[in-house]
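The following exercises concern a predicted model. Each task is followed by a solution that proceeds step by step.

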Amino acid sequence: MSDVLQTRGLKRNFEQGGVTIHVLRGVDLTVGNGEIVALLGPSGSGKSTLLQAVGLLEGGFEGSIRIKGEEAAHLDNDGRTRLRRDALGFVYQFHHLLPDFNAVENVILPQLIHGSETSAARDRAESLLTALGLGARLTHRPSKLSGGEQQRVAVARALANRPSLVLADEPTGNLDEATADVVFQEFLKLVRHEGSAALVATHNERIAAKMDRVVRLHDGVLE
């Protein structure tokens, strides 16, 4: 299995009140193609910071981040934007759907930005949403969807452009336990069907156990 993600010596420090806070202290991590990895750790352990680094969402990091063999540290802003657009998908704890667009439109939009034709983007969006049990809710805006349904739309949006790697930060953390279990099972099934890899940050041991492998982040290092 080749690696879709590889970090080496990844560090992130913050300055606060004249004090240096070491959030990531040298993280070495690999995720293989098609592998689903749980990033387990308590709140404040650096999980979100690690996902932000891997997602190329902000600078200030030291060390190596290679995505599909490409070294992100060597890229300018345009290069990082291209790699993020072409290789990565994101699911957050809160869905961040566009409220003025319905479910299928929320999944079409990232495909249009990526350069897809409108008809192909619509077909892809409807297929993903139907696979997630939302075939009858395609034209509903987020305000008319339940929390679980909104998060399903967010999952479909993350997978719309067939990313090599999905980064999910507590993707069911805002849902009740029963709904979280259903949505996460659907997430896993769809990610596996699409052939994407995933790195999923969670503090939930039960959810982590459903993935291919668990890595634990504690005080900024992987145990």
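**Exercise 1.** Determine the volume of the largest pocket and describe its lining.

*Solution.* The volume of the largest pocket comes to about 530 Å³. Next, consider the lining, which comprises 19 residues; L88, F90, P110, R157 and N161 are the closest to the pocket centre. Assign the lining to secondary structure: α2 (77–87), β6 (88–91), α3 and α5 each give two or more residues. Of the elements, α3 gives the most, with five residues. Finally, classify the lining by chemistry: 10 residues are nonpolar, six are polar and three are charged.

**Exercise 2.** Is α5 largely enclosed by the rest of the structure or largely exposed, and why?

*Solution.* Begin with the geometry of the helix. α5 has 13 residues, and the distance from its first C-alpha to its last is 19 Å, close to the 18 Å expected at 1.5 Å a residue. Then apply the burial criterion, under 20% relative accessible area. The residues of α5 that satisfy it include the charged residues E149, R152 and R157, as well as V153 and L159. Because 12 of the 13 residues of α5 are buried, the helix is largely enclosed by the rest of the structure. The packing partners of these buried residues are β6, α3, α4, β7 and α6.

**Exercise 3.** Identify which residues of the largest nonpolar core touch the most other members, and locate the elements that contribute to this core.

*Solution.* The core contains 36 residues, of which V107, L129, V153, F187 and M211 touch the most other members. Elements giving two or more residues to this core include β3 (36–40), α3 (103–114), α4 (118–131), α5 (147–159) and α6 (177–194). The most is given by α5, with six residues. A second, separate core has 31 residues, among them L10, V27, A53 and L75. To examine one member of the largest core, take V153 and set aside its neighbours within four places in sequence: V153 is then in contact with L97, A103, N106, V107, L129, L134 and L145.

**Exercise 4.** Where is K68 found, and is this residue buried or exposed? Treat D219 likewise.

*Solution.* First, recall that most residues other than glycine have a negative phi. K68, not a glycine, has a positive phi of about 55 degrees. This residue is found in the loop between β4 (61–67) and β5 (70–71). Its relative accessibility is 52%, so K68 counts as exposed.

Turning to D219, its phi is also positive, at about 50 degrees, although D219 is not a glycine. D219 lies in the loop between β9 (213–218) and β10 (221–222). With 52% relative accessibility, D219 counts as exposed.

Key. Residues numbered from 1 in each chain as written. Predicted model: local features only at pLDDT ≥ 70, side-chain atom pairs only at ≥ 80, totals over all residues. Heavy atoms only, no water. Core = buried A, V, L, I, M, F, W, Y, C linked by side-chain atoms within 4.5 Å. Buried < 20%, exposed > 50% of the residue type's maximum accessible area, 1.4 Å probe, protein only. Helix = DSSP H or I, 4+ residues; strand = E, 2+ residues; numbered from the N terminus. Contact = heavy atoms within 4.5 Å. 1 Å grid on protein atoms, 1.4 Å probe; cavity = no way out; pocket = protein on both sides within 12 Å on 5 of 7 lines; lining within 4 Å. Points joined across faces, edges and corners; volume = space filled by probe spheres on them. Expected span 1.5 Å × (residues − 1).
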